[in-house]
Amino acid sequence: MISNLLDNAFFYSDGRIPPKIDIFTYKDYLRIIVVNSVPEGSEKEAVALKTSKSRKRHGYGTKIIRSIASSYDGYARFEADKGRFTADVVLMLKEKKDA
C-alpha cells in the first residue's frame, strides 16, 4: 500500500514540490499521509478516481487502498485543493476480537 501511494505521488506530481510522506501511530492506529503537487486547475480530475494510469487522474490503486483500509477498520481519504493532492490512510493495528 505504501509503495502504491508513493508511486502515485511521484507519477502525478507536477514537480513544484517533492512528494512528502508522514507515517505515524496514535493509540491503536497507523496513519499514512502522502502529499504531492498536481497542476492547478486539475484538482477535480485528480480525485475522480475513474481510470488507470493517466497524467490527469489517480488510478485504480486508490480503490484498492480504500479496500485495504476498510479491511483494517480504517479509512482512506483523497483530496485535492490549490494544486495539492493528499492521500490520508488510517489502519487499525490491533486484530479484531471475535464476538
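Let's start at the hairpin of β1 and β2, where two residues sit between the strands and K27 takes a positive phi near 55 degrees. Please keep in mind throughout that this is a predicted model.

The two strands on either side of that turn are β1, residues 20–26, and β2, which run antiparallel and are joined by seven bridges. If you'd like one position to find on your screen, look for D22, which stands opposite I33 in β2.

Now let's follow β2, because this strand has a partner besides β1: β2 also pairs with β4, residues 84–92, in the antiparallel sense, and here the count is nine bridges. Along that pairing, R31 stands opposite V90 in β4. So how many of the nine residues of β2 are buried? Seven of them are, which makes this strand, residues 29–37, mostly covered. As a reminder for anyone new to strands, side chains in a regular strand alternate between the two faces of the sheet.

Let me step back for the overall plan. The protein has three helices and four strands, and reading along the sequence you meet them in the pattern α-β-β-α-α-β-β. Of its 99 residues, 32% are buried. There is also a figure for how far along the chain the contacts reach: taking contacts between residues at least 6 apart in sequence, 54% join residues at least 24 apart.

On to the charged side chains. Side chains of opposite charge can pair when their charged atoms come close. How many salt bridges does the structure hold? There are three, and we can walk through them one by one.

One of them is back in the hairpin region, between D22 and K20, with 3.6 Å from N to O. D22 has 31% relative accessibility and counts as partly exposed, and K20, at 48%, is partly exposed too.

Another joins D28 and K94, at 3.8 Å from N to O. D28 lies in the loop between β1 and β2, while K94 is in the segment after β4, so this pair ties together parts that are 66 residues apart in sequence. D28 is partly exposed, at 30% relative accessibility, whereas K94 reaches 53% and counts as exposed.

The remaining salt bridge brings us back to R31, whose partner is D88, with the closest N and O atoms 2.5 Å apart. Why does this pair tie together parts that are 57 residues apart in sequence? Because R31 lies in strand β2 and D88 in strand β4. Are the two partners buried or exposed? R31 is partly exposed, at 29% relative accessibility, but D88 is buried, at 11%.

Let's turn to the aromatic rings. There is one aromatic pair in the count. It is made by F78 and F85, and it is stacked, with 6.3 Å centre to centre and 25 degrees between the planes. F78 counts as buried because its relative accessibility is 9%, and the cut-off is under 20%. F85 is buried as well, with a relative accessible area of 2%.

F85 is found in strand β4, and there is something else to look for around this residue: P39 is 46 residues away in sequence, yet the C-alpha atoms of F85 and P39 are 9.7 Å apart in space. While we are looking at rings, have a look at Y75 too, where R77 lies over the face of the ring, at 4.1 Å from the ring centre.

I'll finish with helix α1, residues 2–12. Which of its residues are buried? They are L5, N8, A9 and Y12. Seen down the axis of α1, these buried residues fall within an arc of 100 degrees, so they line one face of the helix. The general background is that an α-helix has 3.6 residues a turn, so residues three or four places apart point the same way.

And what covers the buried residues of α1? The cover includes β2 and β4, along with α3 (61–71) and β3 (75–81). If you rotate to the face of α1 turned away from its buried side, you will find the exposed residues S3 and F10.

So, starting from K27 in the hairpin, we have come round to the helix whose buried residues have β2 and β4 among their cover. Thanks for listening, everyone!

How values were computed:
Residues numbered from 1 in each chain as written. Predicted model: local features only at pLDDT ≥ 70, side-chain atom pairs only at ≥ 80, totals over all residues. Heavy atoms only, no water. Buried < 20%, exposed > 50% of the residue type's maximum accessible area, 1.4 Å probe, protein only. Pairing = 2+ DSSP bridges. Salt bridge = Lys/Arg side-chain N within 4 Å of Asp/Glu carboxyl O. Phe/Tyr/Trp six-rings, centres within 6.5 Å; stacked < 30°, edge-to-face > 60°. Lys NZ or Arg CZ within 6 Å of the ring centre and 35° of its normal. Arc of directions from axis to C-beta. Contact = heavy atoms within 4.5 Å.
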